[in-house]
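Here is a friendly walk through one protein chain, written for someone who likes to know the cut-offs behind the words. Please keep the viewer open as you read.

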Amino acid sequence: MDQEEGQTAVDNIVTQFNTYEDFLDSQITTVDLYYLEDEALARQLVELGYRGTGEVVKREDFEARKAAIEIARLAERTQKKTLTSAGKDLQDNFLKALAVREEDNRNGKVSSVIFIRDRNSHGQEVSGYIDYAHRLKTEDFEVYFNGKKRLLPKPTDLSYYNWDNHIAVWNSTANYQVIADNPEGLLFKYKRDRKILNVDPKSLLFPF
């Protein structure tokens, strides 16, 4: 039996039995118990490979694979649970675009910056640049993908401007450093590769 076949055999055993003792018991026959008259001894002989009706699996191999399979299962369940856009029947094109980019932003494969200009619940016009990955980590997007709430810039985002009261705020995040004193306009430096994201001058957040 080659290494791959051996690994498959161990995986099959691990998924079939809850504990290593359950696996050992499955290898013990009534004849073994009749002659040995000791269940613990019978288990020990199976573990050593002297008795048994099937594959010999060491305790440490069984427990290691059991733990690895459980970790993988939990990771998969967590990932499915984390993707708040999963299973949603999205009609809005903006939400569809967010959904397409959600997983990659969560796991760090890509980093998206979103510009939004809209009116808040008080009717005030606000605009800002949002670090999508940062917001995904700090906020539950279920309300947005369910359509219960609109995604709007906040004073805690990369940048925020209230066009009614002229409040301007900018903040660096774990992903971006904000360069606000640039004469050509607002810039964001991506901390991972140190590349500069240059905001289109025609769409500058701040009119001054």
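The report below goes from the whole chain to its two sheets and then to one serine.

## Ground rules

This is a predicted model, in which local features need pLDDT of at least 70 and side-chain atom pairs count only at pLDDT 80 or more, while totals for chains, interfaces and linings use all residues. Residues are numbered from 1 along each chain as its sequence is written, and side-chain values use heavy atoms, with hydrogens and water left out.

## The whole chain

The protein chain holds eight helices and seven strands; these are DSSP runs numbered from the N terminus, helices being H or I with at least four residues and strands E with at least two. Of its 208 residues, 32% are buried, meaning under 20% relative accessible area with a 1.4 Å probe, protein chains only.

The chain exposes about 13,400 Å², and carbon and sulfur atoms supply 50% of that area (Shrake-Rupley method, 1.4 Å probe). Take the contacts (heavy atoms within 4.5 Å) between residues at least 6 apart in sequence: 49% of them join residues at least 24 apart.

## The four-stranded sheet

One open sheet runs in the order β1-β2-β3-β4 with antiparallel pairing, where pairing requires that DSSP finds at least two bridges between two strands. Its edge strands, each paired on one side only, are β1 and β4 (167–170). The twist averages 5° from one strand to the next, taken between N-to-C directions of lines fitted to C-alpha atoms, on a scale from 0 to 180 degrees.

Strands β1 (residues 113–119) and β2 (residues 125–131) are joined by seven bridges. Their hairpin has five residues between the strands, and Gly123 there takes a positive phi near 80°. Tyr129 in β2 stands opposite Phe115, and Tyr129 also has Ser159 in β3 as a bridge partner. Four bridges link β2 with β3 (residues 159–162).

## The three-stranded sheet

A second open sheet has the order β5-β6-β7, again with antiparallel pairing. Here β5 (176–179) and β7 (196–198) are the edge strands, and the twist averages 25° from one strand to the next. Three bridges join β6 (residues 187–190) to β7, with Leu187 partnered by Asn198.

## A closer look at Ser127

Is Ser127 of strand β2 buried or exposed? Ser127 is buried, because its relative accessible area is 1%. Its side chain makes a polar contact with the side chain of Trp163 at 2.8 Å; such a contact is a pair of N or O atoms within 3.5 Å, one able to donate a hydrogen and the other to accept it.

Key:
Buried means under 20% relative accessible area, exposed over 50%, partly exposed in between (1.4 Å probe, protein chains only).
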